[in-house]
Amino acid sequence: MTTFEIREFAVGDTDAALRLWRQTEGIGLSEADRPDRLREFLSRNPGLSRIAVSGENLIGTILCGTDGRRGYIHHLAVAAESRRNGVGRALLKATLSALQQIGIRKCHAFVFQSNPFGELFWEQSGWQRRGDLHLYSKKLGE
């Protein structure tokens, strides 16, 4: 069993988080995940994102932001060797608690359809997949 600690995702954790995300199946990275953009995201959403550490090693992340009405979760990832030890559930619990503390009462999670492990995690955690919405995206400045 992996022993771990959950703490706030700090700007200094960005490089280690990117390494984990690049090694994690089902995590998609984009221009929004450049180190400078991640630092901006963290500063605009203070206290919402978390990491899990075991000793000196970052073993899990959850990136969370809000628009003032809803929370949005991106990049819930746990290192393969640390899975099935409650790391993901602990990260999720800490982030949802932080959202509640600032008055957010509903949260959405983004999961790629090509990520069955991620889908299973969310379903087993009591989250409902929405079939009534479609997500549309547009790159700005193009």
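Q: Helices (H or I, at least four residues) and strands (E, at least two) are taken here as DSSP runs, numbered from the N terminus. With that in mind, which elements each supply at least two residues of the lining of the second largest pocket?

A: The model is a predicted one, and in it the elements that each supply at least two lining residues to the second largest pocket are α1, spanning 14-23, and β3, spanning 57-66. With 4 residues, α1 gives the most to this lining.

Q: What is the volume of the second largest pocket, and which of its lining residues are the closest to its centre?

A: The volume comes to about 230 Å³. The lining is made up of 14 residues, and those closest to the centre are Leu20, Gln23, Leu58, Ala79 and Glu81. Sorted by class, the lining holds 6 nonpolar, 4 polar and 4 charged residues.

Q: How should one read a nonpolar core, and how many residues has the largest one?

A: The general idea is that, in soluble globular proteins, nonpolar side chains tend to be buried together. In this model the largest nonpolar core has 33 residues, and those with the most contacts inside it are Phe9, Trp21, Leu63, Ile73, Leu91, Leu92 and Trp122. Two or more residues of this core come from each of α1, α2 (35-44), β2 (50-54), β3, β4 (71-78), α3 (87-101) and α4 (116-124).

Q: Which residues does Leu91 touch, not counting those up to four places away in sequence?

A: Leaving out those sequence neighbours, Leu91 touches Ile6, Arg50, Ile51, Ala52, Gly60, Thr61, Ile62, Leu76, Ala77 and Val78.

Q: How many disulfides does the structure hold?

A: The structure holds 0 disulfides. A disulfide calls for two cysteine sulfur atoms within 2.5 Å, and the cysteine sulfur closest to that of Cys64, in Cys107, lies 5.0 Å away, which is why the two are too far apart for a bond. Read from the other side, Cys107 is likewise in no disulfide, its nearest cysteine sulfur being that of Cys64.

Q: Does Cys64 count as buried or exposed, and what of Cys107?

A: Buried means a relative accessible area under 20%. Cys64 has 0% relative accessibility and therefore counts as buried, while Cys107, at 15%, also counts as buried.

Q: Where is Gly86 found, and is Gly86 buried or exposed?

A: Gly86 sits in the loop between β4 and α3, and with a relative accessible area of 17% Gly86 is buried. Although Gly86 and Thr3 are 83 residues apart in sequence, their C-alpha atoms are 9.8 Å apart in space.

Conventions:
Residues numbered from 1 in each chain as written. Predicted model: local features only at pLDDT ≥ 70, side-chain atom pairs only at ≥ 80, totals over all residues. Heavy atoms only, no water. Buried < 20%, exposed > 50% of the residue type's maximum accessible area, 1.4 Å probe, protein only. 1 Å grid on protein atoms, 1.4 Å probe; cavity = no way out; pocket = protein on both sides within 12 Å on 5 of 7 lines; lining within 4 Å. Points joined across faces, edges and corners; volume = space filled by probe spheres on them. Nonpolar A, V, L, I, M, F, W, Y, C, P; charged D, E, K, R; others polar. Core = buried A, V, L, I, M, F, W, Y, C linked by side-chain atoms within 4.5 Å. Contact = heavy atoms within 4.5 Å.
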